[in-house]
Amino acid sequence: MLAIIPARKGSKKIKNKNRRLINRKPLISYTIEAALKSKYISQLLVSSDDKAIIKIASQYNIDTPFLRPKKISLDKSEMKQVIIYNIEKLIKLKKKKIHEVILLQPTSPLRTSKDIDLAIKLFKKNKADSVIAVKKVDIPYKWLLNLGKKNKLKLKNSNLNISTNRQSYETLYIPNGSIFIFNYNFLKKSKNYYGKRTYGYIMPKVKSFDIDDQTDFQIAEGFLKKNYEK
């Protein structure tokens, strides 16, 4: 299976986030190392517009035959567009068909090779259109509030009974951003990532951690230090 690690240069909240050091290693290194340990990944591609990230990938002997164009390296660039561009480019270069792809975002450093392999096994067992890593929603969606002028709160759900405890609500899940697996033909034809045969790979809260800002970096660093320096 082909694995793509998307790691563009730009980042609004943290400059050069994907190559910033976390416990003395670039953030992207944790995802690269997890992918290289996978039993099912046969080809790994780091997709970036950043030559410094390409250099990091080369230290792991990863083939990075091309830079990602700027037009699909913007804040508004869709990840589906990035995946398709990279696969079509590889098909032309390698002269090989690609049927399956796993997307591993570098901002999920606590995701392990075991998670990757279990998700791939779920994908293959069910002959899935896609498999998406998910985590349990911490609070019932009916508890969500709108914040208006002068911080005035308004219930998102007017029928909310605040005396009802959270155990009484339906258990819901959201994508955690760490693993996306696709049948490539499905991905090209679909408007989104969800098909009739889309399955969720459930991950715990800690391993679902996604780095977005400086606080996230500090929290993840603590978890990584505990796990990697035993």
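User: Hi! Which residues does Ile 174 touch, if I skip those up to four places away in sequence?
Analyst: Hi! In this predicted model, Ile 174 touches Ala 133, Val 134, Lys 135 and Val 137.

User: And where does Ile 174 lie?
Analyst: Ile 174 lies in strand β9. Its C-alpha atom and that of Lys 135 are separated by 5.7 Å, although the two residues are 39 residues apart along the chain.

User: Nice. Is Ile 174 buried, exposed or partly exposed?
Analyst: Ile 174 is partly exposed, because its relative accessible area is 38%, and the partly exposed range runs between 20% and 50%.

User: So how do β6 and β9 run, and how many bridges join them?
Analyst: β6 and β9 run antiparallel, and six bridges join them. For an example to find in the 3D view, look at Ile 132, which stands opposite Phe 180 in β9.

User: Which way do β5 and β9 pair?
Analyst: β5 and β9 pair in the antiparallel sense, over four bridges. Here Glu 100 stands opposite Asn 183 in β9, and Val 101 stands opposite Phe 182 in β9.

User: What about β1 and β5, parallel or antiparallel?
Analyst: Those two run parallel, with three bridges joining strand β1, residues 2-6, to β5. Val 101 comes up again in this pairing, since Leu 2 stands opposite Val 101 in β5.

User: Is there a general rule for where side chains point in a strand?
Analyst: Yes, there is a handy one: in a regular strand the side chains alternate between the two faces of the sheet.

User: Okay, on to helices. How many residues does α4 have, and how far does it reach?
Analyst: Helix α4 covers residues 113-125, which gives it 13 residues. From its first C-alpha to its last it reaches 18 Å, close to the 18 Å expected at 1.5 Å a residue.

User: Which residues of α4 are buried?
Analyst: They are Asp 115, Ile 116, Asp 117, Ala 119, Ile 120 and Phe 123.

User: Any general rule about which way residues point in a helix?
Analyst: An α-helix has 3.6 residues a turn, so residues three or four places apart point the same way.

User: Good to know. What covers the buried residues of α4?
Analyst: The cover includes helix α1 (27-36), along with the strands β5 (100-103), β6 (130-136), β9 (173-183) and β10 (198-202).

User: Can we zoom in on Ala 119? Why does it count as buried?
Analyst: Sure. Ala 119 is in helix α4, and it counts as buried because its relative accessible area is 0%, where the cut-off is under 20%. Leaving aside neighbours within four places in sequence, Ala 119 is in contact with Val 131, Ile 179, Ile 181 and Tyr 201.

User: How far is Ala 119 from Pro 109?
Analyst: Their C-alpha atoms are separated by 16 Å, and the two residues are 10 residues apart along the chain.

User: What follows α4?
Analyst: α4 is followed by Lys 127, found in the loop between α4 and β6. Phi of Lys 127 is near 45°, a positive value in a residue other than glycine.

User: What sign does phi have in most residues other than glycine?
Analyst: Most residues other than glycine have a negative phi. Another positive value belongs to Asn 23, with a phi near 55°. Asn 23 is in the loop between β2 (21-22) and β3 (25-26).

User: Are those two buried or exposed?
Analyst: Lys 127 is exposed, with a relative accessible area of 68%. Asn 23 is buried, at 15%.

User: Changing topic: how much space lies in the largest pocket?
Analyst: About 560 Å³. The largest pocket is lined by 26 residues, and Arg 8, Lys 17, Met 79, Gln 105 and Thr 107 lie nearest its centre. Both α3 (79-94) and β9 supply at least two residues of the lining.

User: What kinds of residues make up that lining?
Analyst: The lining divides into 11 nonpolar, seven polar and eight charged residues.

User: Last one: what does Ser 47 touch?
Analyst: Not counting residues up to four places away in sequence, Ser 47 touches Ile 4, Ile 5, Pro 6, Ala 7, Arg 8, Arg 68, Val 82 and Asn 86. Ser 47 lies in strand β4, residues 43-47, and is buried, with a relative accessible area of 1%.

Methods
Residues are numbered from 1 along each chain as its sequence is written. This is a predicted model: local features need pLDDT of at least 70, side-chain atom pairs count only at pLDDT 80 or more; totals for chains, interfaces and linings use all residues. Side-chain values use heavy atoms; hydrogens and water are left out. The expected span of a helix is 1.5 Å times one less than its number of residues. Buried means under 20% relative accessible area, exposed over 50%, partly exposed in between (1.4 Å probe, protein chains only). Contact means heavy atoms within 4.5 Å. On a 1 Å grid over the protein atoms alone, a cavity is a set of points where a 1.4 Å probe fits but cannot get out, and a pocket is an open set with protein on both sides within 12 Å along at least five of seven lines; lining residues have an atom within 4 Å of a point. Grid points are joined across faces, edges and corners, and a volume is the space filled by probe spheres set on the points. Ala, Val, Leu, Ile, Met, Phe, Trp, Tyr, Cys and Pro count as nonpolar, Asp, Glu, Lys and Arg as charged, and the others, Gly among them, as polar. Two strands pair if DSSP finds at least two bridges between them.
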